[in-house]
Number of protein chains: 2
Amino acid sequence: MKVEYINPFVTSTRSVFATMLGWEITRGAPFVKNSDQPHHDVSGVIGLSGKAKGTIVLSLDREVALAATEALLGERPAEIGEEVVDAVGELANMIAGGAKAQLEQFAMRVSLPTVITGKSHTVQFPSRATQIAIPFESEAGPLMVEFGLVEQSTEESDTTEAATAER
Amino acid sequence: MKVEYINPFVTSTRSVFATMLGWEITRGAPFVKNSDQPHHDVSGVIGLSGKAKGTIVLSLDREVALAATEALLGERPAEIGEEVVDAVGELANMIAGGAKAQLEQFAMRVSLPTVITGKSHTVQFPSRATQIAIPFESEAGPLMVEFGLVEQSTEESDTTEAATAER
């Protein structure tokens, strides 16, 4: 995966947090995630597909997820429930929307977001995709954006489809 | 969401398990998932986007994930590690590929899969999307496929993109 693909995810994440929550977040050094997995409490996952396919994961610890939901809604939720799921799903959706707009050469669209809750889960990509992790520091604590992006030939896409469609 | 959208996910799941693992799995009654969340140990998540947007989640308990990986690779992995992540990611990918081929009117493509591990996590959709859960019974135990699908206007897609691109 090309290094220049990192920047759209960084700038989109920073602008979504600034615009939606009023948080100025600072970026740490991106790294390639391997088997030494960070664990998280809440993750928003959203896919991208078009001339490339990708996925974006926004992972937060419990406290950061609660603070982010409070910044969005004006009221702190008592627990990790529906309000937090909606808030984290919408943040992931907007980060994906901003990143795909900067990667317009791939004409990607976003999927529906899902939100994972559960203490100390990890989100991994299958081994064929490079998983870039970008740590950020916010006023409520650390958060992480992970993404993968694979440029695909039309041929590859059609082969997969044909193979499963036949059955 | 229309009831006729359920069948492509059912038939695709059954055919992928039959073809890839040699498992004949039986379907239970689909239901709309709400706040009473089932918990799982391993989940493969993959997005779909095009003229509709969606997401598919294949969730397995630890034992079923290990048995499925063994059926795929011929050897039982010692733990939930890279082999299980790859196997569950590929199963989710193939289920998505089969379902989108049957929903060709939406011209959807698949995103990159992600695989969530962590004891007793839940996968939720933000409240604007209906989350249909389809339980299946396999020779190794129960498993679940959850999906959502939203038909979208081009207008909605463009508005989201424009809003985030400006920042």
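**Exercise 1. Find how strand β6 of chain A pairs with strand β6 (residues 114–124) of chain B, and name the partner of V115(A).**

Solution. Start with the strands: β6(A) and β6(B) pair in the antiparallel sense, over six bridges. Keep in mind as you look that this is a predicted model. Next, pick out one residue on the chain A side: V115(A) has Q124(B) as its bridge partner in β6(B).

**Exercise 2. Describe the interface between chain A and chain B by its residues and its buried area.**

Solution. First, count residues: chain A brings 54 residues to the contact, and chain B brings 54 residues. Then turn to area. The size of an interface is often given as the accessible area lost when the parts come together. Here about 4,300 Å² is buried between the two chains, and carbon and sulfur atoms give 57% of that area.

Now ask which elements of chain A take part. Those that each supply at least two residues to the side touching chain B include the helices α1 (6–21), α3 (82–102) and α4 (154–165), along with strands such as β3 (40–49) and β6 (114–124). The largest share, 11 residues, comes from α3(A). Sorted by class, this side of chain A holds 18 nonpolar, 26 polar and 10 charged residues.

**Exercise 3. Look for polar contacts and salt bridges, across the interface and in the whole structure.**

Solution. Begin at the interface: 15 residue pairs are in polar contact there, both residues at pLDDT 80 or more. Salt bridges across the interface of chain A and chain B number zero. Widen the search to the whole structure, and four salt bridges turn up over all chains. One of them joins the side chains of E146(A) and K33(A), at 2.7 Å from N to O. E146(A) sits in strand β8 and K33(A) in the loop between β2 (31–32) and β3, so this pair ties together parts of chain A that are 113 residues apart in sequence.

**Exercise 4. Work out how the two copies are related.**

Solution. Lay chain A on chain B: a turn of 180° with a shift of 0.0 Å along the axis does it, with an RMSD of 0.0 Å. The copies are therefore related as by a two-fold rotation axis. In chain A, the C-alpha nearest that axis belongs to G47(A), 2.4 Å away. Finally, compare the two sides: 100% of the interface residues of chain A are also interface residues in chain B, so the copies meet through the same surface.

Methods: Residues numbered from 1 in each chain as written. Chains lettered and ligands numbered in written order. Predicted model: local features only at pLDDT ≥ 70, side-chain atom pairs only at ≥ 80, totals over all residues. Heavy atoms only, no water. Contact = heavy atoms within 4.5 Å. Buried area = accessible area lost by both parts, 1.4 Å probe. Polar contact = N/O pair within 3.5 Å; in protein donor to acceptor, adjacent residues only side chain to side chain. Helix = DSSP H or I, 4+ residues; strand = E, 2+ residues; numbered from the N terminus. Nonpolar A, V, L, I, M, F, W, Y, C, P; charged D, E, K, R; others polar. Pairing = 2+ DSSP bridges. Least-squares fit on C-alpha atoms with pLDDT ≥ 70 in both.
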